[in-house]
Amino acid sequence: MLKTCVLAGVLVFSGCGLVSRPAYRYTGITARQSVIQGLRLRGYASWYGEAFHGRKTASGEIYDMNGLTCAHRTLPFGTVLRVLNTGNGKSVTVRVNDRGPYVSGRIVDLSRGAAAELGMLESGTALVEMKVVNP
């Protein structure tokens, strides 16, 4: 009887300490946490255009360089971000549909259309602040 009670107690209490493990990590933030509305990330953005226009993105969509989309390393596809160019105050809303950037020091690759809205076509890169607007 005592062994049965001890075994039952072990089974009941062992389940209390189980925590699901996150699948991805991005600078210490799990992908599950990163889609919390209001999360802010700051870093350098770049843009990509004609060489990829009409090709499939990592999400399976066809890339439209004139659209308002972006590539991010870990944020889930479909995440909507508000991107602010800290240099000129211009902002744009984009949706994650691709993976990247693959250049060190950059946190997001924007479509040509999004880069135009931010006024960064000529410079190619800009310091931006991104905020998740829909989880």
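# Exercises on charges, strands and rings

E61 has a relative accessible area of 29% and is therefore partly exposed. The structure is a predicted model, and the exercises below work through its salt bridges, its strand pairing, a buried acid and its aromatic rings.

## Exercise 1. Salt bridges

Determine how many salt bridges there are, and state which residues are joined into one network by shared partners.

Step 1. The count of salt bridges comes to 3.

Step 2. Start with E61, whose partner is R95, with the closest N and O atoms 2.6 Å apart. Since R95 lies in strand β6 and E61 in the loop between β3 and β4, this salt bridge ties together parts that are 34 residues apart in sequence. R95 has a relative accessible area of 30%, so this arginine is partly exposed.

Step 3. Turn to E129, which forms a salt bridge with R40, the closest N and O atoms being 2.5 Å apart. Because R40 belongs to strand β3 (residues 40–48) and E129 to strand β8 (residues 125–134), the pair ties together parts that are 89 residues apart in sequence.

Step 4. E129 also forms a salt bridge with R42, where the closest N and O atoms are 3.6 Å apart. Here too distant parts of the chain are linked, with E129 in strand β8 and R42 in strand β3, 87 residues apart.

Step 5. For accessibility, R40 stands at 49% and counts as partly exposed, R42 at 53% is exposed, and E129 at 21% is partly exposed. Salt bridges with shared partners thus join R40, R42 and E129 into one network.

## Exercise 2. Strand pairing

For strand β8, find which strands pair with it and in which sense; then do the same for β6.

Step 1. Strands β3 and β8 run antiparallel and are joined by 7 bridges. In this pairing R40 stands opposite K131 of β8, while the salt bridge of R40 is made with E129.

Step 2. Strand β5 (residues 80–85) also pairs with β8 in the antiparallel sense, over 6 bridges, and V80 has N134 as its bridge partner in β8.

Step 3. For β6, the pairing with β5 is antiparallel and has 5 bridges, with V92 as the bridge partner of V83. The hairpin of β5 and β6 has 5 residues between the strands, and G89 there takes a positive phi near 80°.

Step 4. Strands β4 and β6, by contrast, run parallel and are joined by 3 bridges. T69 has R95 as its bridge partner in β6, and R95 is also the residue that forms a salt bridge with E61.

Step 5. In the loop between β6 and β7, where P101 is placed, a cis peptide bond joins G100 and P101, with omega about -5°.

## Exercise 3. A buried acid

Decide what surrounds D98, given that this residue is buried yet has no salt bridge.

Step 1. D98 lies in strand β6, which covers residues 91–98.

Step 2. Its nearest side chain of opposite charge is that of R99, 7.1 Å away; because a salt bridge requires the nitrogen and carboxyl oxygen to be within 4 Å, that distance does not qualify.

Step 3. Polar partners come next: the side chains of D98 and Y48 are joined by a polar contact of 2.9 Å, and a polar atom of the D98 side chain lies 2.9 Å from the backbone nitrogen of A58.

Step 4. Leaving aside neighbours within four places in sequence, the residues in contact with D98 include, besides Y48 and A58, T57, C70, A71, H72 and F77.

## Exercise 4. The rings around Y48

Classify the ring pairs of Y48, and state which rings form a cluster.

Step 1. The count of aromatic pairs comes to 2. In the pair of Y48 and F52 the centres are 5.5 Å apart and the planes make 75°, an edge-to-face arrangement.

Step 2. Y48 has a relative accessible area of 10% and is buried, whereas F52 at 39% counts as partly exposed.

Step 3. The pair of Y48 and Y63 is stacked, with 4.6 Å centre to centre and 10° between the planes. Since Y48 lies in strand β3 and Y63 in the loop between β3 and β4, this pair ties together parts that are 15 residues apart in sequence. Both Y48 and Y63 are buried.

Step 4. Ring pairs therefore link Y48, F52 and Y63 into a cluster, and Y48 is also the residue whose side chain makes the polar contact with D98.

Definitions and conventions
Residues are numbered from 1 along each chain as its sequence is written. This is a predicted model: local features need pLDDT of at least 70, side-chain atom pairs count only at pLDDT 80 or more; totals for chains, interfaces and linings use all residues. Side-chain values use heavy atoms; hydrogens and water are left out. Helices (H or I, at least four residues) and strands (E, at least two) are DSSP runs, numbered from the N terminus. Buried means under 20% relative accessible area, exposed over 50%, partly exposed in between (1.4 Å probe, protein chains only). Lys and Arg count as positive and Asp and Glu as negative; His and the chain ends are not counted. A polar contact is a pair of N or O atoms within 3.5 Å; within protein, one must be able to donate a hydrogen and the other to accept it, and residues adjacent in sequence count only if both atoms are side-chain atoms. Contact means heavy atoms within 4.5 Å. Two strands pair if DSSP finds at least two bridges between them. Rings of Phe, Tyr and Trp (its six-membered ring) pair if their centres lie within 6.5 Å; planes under 30 degrees apart count as stacked, over 60 as edge-to-face and the rest as tilted.
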